[in-house]
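Dear colleague,

Please find the structure below, handed over for your records. A short account of what was found in it follows.

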Amino acid sequence: VQLQASGGGVVQAGGSLRLTCASSRNIGSFTFMAWYRQAPGNGREWVATIDNDGTTKYKDSVKGRFTISRDNAENTMYLQMNGLKPDDTANYYCNAASPFSYLWGQGTLVTVSS
């Protein structure tokens, strides 16, 4: 099983990006999926989670700016990021968990210039 993250890039402060996490298997089998990020010199931090029933949770600093969603038919999770700030600069990783597995995708780099 693989998770493939994409959609990163360079954007000016205030801009938007949409990250995509494509799964090689049915995402309905995952208990939850999530996005994490790791800024240079920092540890990996949780950003947002979407449960199998669609319940979402967000890190306080991204509430109101980021939206996590999933398309079960496409086996894909998204992170819509609006109002980006330089502090959002990081490698973003997707994550998925089931009772039997805990998966990470490779990172996709988001750079926000001031």
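How many bridges join strand 4 to strand 9, and in which sense do the two run? The model is predicted, and in it strand 4 and strand 9 run antiparallel, joined by 7 bridges. Within this pairing, Phe32 has Ala97 of strand 9 as its bridge partner.

Strand 4 also pairs with strand 5 (residues 44–51), in the antiparallel sense and over 7 bridges. Here Gln38 is matched with Arg44 of strand 5 as its bridge partner. The hairpin of strand 4 and strand 5 has 5 residues between the strands, and Gly41 adopts a positive phi near 80° in this hairpin.

As to its surroundings, strand 4 (residues 32–38) has 5 of its 7 residues buried, and it is therefore largely enclosed by the rest of the structure.

Strand 9 is involved in a covalent link as well. A search of the whole structure returns 1 disulfide, which is formed by Cys21 and Cys94 with their sulfur atoms 2.3 Å apart. Because Cys21 belongs to strand 3 (residues 17–23) and Cys94 to strand 9 (residues 90–98), the pair ties together parts that are 73 residues apart in sequence. The link of Cys21 and Cys94 is right-handed, with 70° about the S-S bond. Both Cys21 and Cys94 are buried.

In summary, strand 9 is joined by bridges to strand 4 and contains Cys94, whose disulfide partner Cys21 lies in strand 3.

Yours sincerely

Definitions and conventions
Residues are numbered from 1 along each chain as its sequence is written. This is a predicted model: local features need pLDDT of at least 70, side-chain atom pairs count only at pLDDT 80 or more; totals for chains, interfaces and linings use all residues. Side-chain values use heavy atoms; hydrogens and water are left out. A disulfide is a pair of cysteine sulfur atoms within 2.5 Å. Helices (H or I, at least four residues) and strands (E, at least two) are DSSP runs, numbered from the N terminus. Buried means under 20% relative accessible area, exposed over 50%, partly exposed in between (1.4 Å probe, protein chains only). Two strands pair if DSSP finds at least two bridges between them.
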